[in-house]
Amino acid sequence: MSLQIFDTLAREKREFQPIAAEKIGMYVCGMTVYDRCHLGHGRVMVAFDAIVRYLRFRGFDVNYVRNITDVDDKIFARAAERGIDFSELTAEMIDAMHQDEKRLGCQSPNAEPRATSNIESMLKLIETLISKGAAYQGASGDVYFRVSAFSDYGKLNNRKLDDMIAGARVAVADDKESPADFVLWKSAKEGEESWPSQFGPGRPGWHIECSAMSMDALGETFDIHGGGPDLKFPHHENEIAQSEAATGCKFARYWMHAGAVRVNEEKMSKSLGNFVTLDTLFKEFHPEVIRFFLLQSHYRSAISFSDDALVQAEAAYGRLVQALPNELSAPSSDAIFEFQTLMDDDFNTPRAIALLFELASEGSAESASSIMAIGKVLGLFTSGKEAFFEQQQALKAEKSGLSDAAIDALITAREQARKDRDFGTADKIRDDLVAQGVVLEDGAGGTSWHRK
RNA sequence: GGCGCGUUGGCAGAGUGGUUAUGCAGCGGAUUGCAAAUCCGUGGACAUCGGUUCGAUUCCGGUACGCGCCUCCA
């Protein structure tokens, strides 16, 4: 049985064969830390976290590297707006990102190289590119990558250079040889944050950091390079050009891209302003529900976000948590085998989740343990059965105007009415509670309740 | 204009050349004072037009609609 991965560059599923038998080097483009993460960021984090977890379950020793872009115009602009130093802003956002990630049940990457700590390495790479004729310094002092020096330019996105220039919306700098050339080193203007270099004070262009840091961490050629859907072009195309032009070697062997999160048929994005931050969502829904919602779609498909979709996911996930075993025993080897078959086909998490439901309806102790075992590989059920429901109830209680004590008092009143066979009053109390999101359950041992 | 993706039942979302996806919701039943929860059962789909085929939702081609990238964005 072999693992198939859809490779963006090949535009088809390919059998996965790592460079070294048991080891995988994987680099994923991370966040530019100038603002809080939104659901689109969350999707990339969760998708690659599930992939890494599965690869590890599959026996691979994965070295998962995800960068932090902490040099960028948007960062400087936001810091200036807030009147703080840019490093203060990035420290705050990095911290927030780590919290969001943790709540989503993601394991930390093995390394998180930061652009500001790797400028030396980028300058070395730029130097190499210049010496090979693949880069040049313009009159403005900016250093550009010479796209014409890399004949494979456009291979990731299946584009021809001529077509790109023809429809160019690229800002044309006067000192560029070609509009498609992109900046490697940006010379500093008066008052801008800058780092010293042989090209004069300035800061790195966006793409060069990923080439430098990924190759530093994983070597000139490594196994998997991933990222969000909007990085395919130009970011990843440019990474390939820079890296391969510098080393003469193949850069990443498999390219993986997550699909977009959509809102009303449109991509969730900063520029459209239609994004929801994870932070906001966590106030409405348990983080595990968000993760489950994300995993319910295949990592490459577009996923439609709506409040209703999350409510559906919440109901579905709750059923699975309910089916979790009270005492863990050995999972069914058949179930585990099936899970592996499904995931081996380009990480089919929606199908794996369907398997979870099939196991839930079996209802045996073994199937319950299988749910737990499989869920663990997907990074689900991390809170455990009781804690999950407790946390979820606490979340809902916070939004509710009705205190636990008030609910208990109403239930006591209803109990009395029921004893008096005054079902009209009893039902009225119950209906009022339902209207306020409180559901009663009359059991043998009395009435229990939960918030919905 | 270039490159690419999608269109599956009320909604979400997999997959397959001929056989049940799965979930949420709905409906019927068991249960309940009535409910809730649970359990059992159940209806409902493959945008459109052609082609290939014994047979296509699944392969090929056209059409329509939607979406993404081509500028910062995960």
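This report describes a predicted model of protein chain A with RNA strand B.

## Basis of the model

Local features in this predicted model need pLDDT of at least 70, side-chain atom pairs count only at pLDDT 80 or more, and totals for chains, interfaces and linings use all residues. Residues are numbered from 1 along each chain as its sequence is written, chains are lettered from A and ligands numbered from 1 in the order in which they are written, and side-chain values use heavy atoms, with hydrogens and water left out.

## Overall form

Chain A contains 16 helices and 15 strands. Here helices (H or I, at least four residues) and strands (E, at least two) are DSSP runs, numbered from the N terminus. Along the principal axes, the C-alpha atoms of chain A fill a box of roughly 90 × 55 × 35 Å.

Of the 452 residues of chain A, 51% count as buried. Buried means under 20% relative accessible area, exposed over 50%, and partly exposed in between, with a 1.4 Å probe and protein chains only.

## The surface near RNA strand B

A residue is near a strand if one of its heavy atoms lies within 4 Å of it. There are 57 residues around RNA strand B, of which Lys74, Trp206, Gly228, Met268 and Arg430 come nearest. By class, this surface has 18 nonpolar, 19 polar and 20 charged residues. Ala, Val, Leu, Ile, Met, Phe, Trp, Tyr, Cys and Pro count as nonpolar, Asp, Glu, Lys and Arg as charged, and the others, Gly among them, as polar. Helix H12 (residues 349–362) gives the most to the surface, with 5 residues.

On the RNA side, 61% of the atoms of strand B within 4 Å of the protein belong to sugar or phosphate, and the rest belong to bases. Three polar contacts (pairs of N or O atoms within 3.5 Å) may be examined in detail. The side chain of His38 has an N or O atom 3.3 Å from a base nitrogen of RNA strand B. Gln312 places a polar side-chain atom 2.8 Å from a base nitrogen, whereas a polar side-chain atom of Arg262 lies 3.1 Å from a sugar or linking oxygen.

## A mostly covered helix

Helix H6 (residues 208–218) is mostly covered, with 9 of its 11 residues buried. Among the buried residues are Ile208, Glu209, Cys210 and Leu218. After H6 comes Gly219, whose phi is positive, near 100 degrees.

## Two hairpins

Two strands pair if DSSP finds at least two bridges between them. Strand S1 (residues 4–7) and strand S2 (residues 12–15) run antiparallel and are joined by 4 bridges. In this pair, Gln4 stands opposite Glu15. The hairpin has 4 residues between the strands, and Arg11 takes a positive phi near 60 degrees.

Strand S14 (residues 438–443) pairs with strand S15 (residues 446–451) in the antiparallel sense over 6 bridges. Leu440 stands opposite Trp449 in S15, and the hairpin joins the two strands through 2 residues.

## The internal cavity

On a 1 Å grid over the protein atoms alone, a cavity is a set of points where a 1.4 Å probe fits but cannot get out, and lining residues have an atom within 4 Å of a point. Grid points are joined across faces, edges and corners, and a volume is the space filled by probe spheres set on the points. The structure holds 1 cavity of 30 Å³ or more, and the largest cavity has a volume of about 80 Å³.

The lining includes Arg43, Val46, Leu294, Tyr299 and Phe347. Helix H1 (39–57) and helix H9 (287–295) each supply at least two residues, and H1 gives the largest share, 5 residues. The lining residues divide into 8 nonpolar, 2 polar and 1 charged.

Technical notes. A polar contact is a pair of N or O atoms within 3.5 Å; within protein, one must be able to donate a hydrogen and the other to accept it, and residues adjacent in sequence count only if both atoms are side-chain atoms. On a 1 Å grid over the protein atoms alone, a cavity is a set of points where a 1.4 Å probe fits but cannot get out, and a pocket is an open set with protein on both sides within 12 Å along at least five of seven lines; lining residues have an atom within 4 Å of a point.
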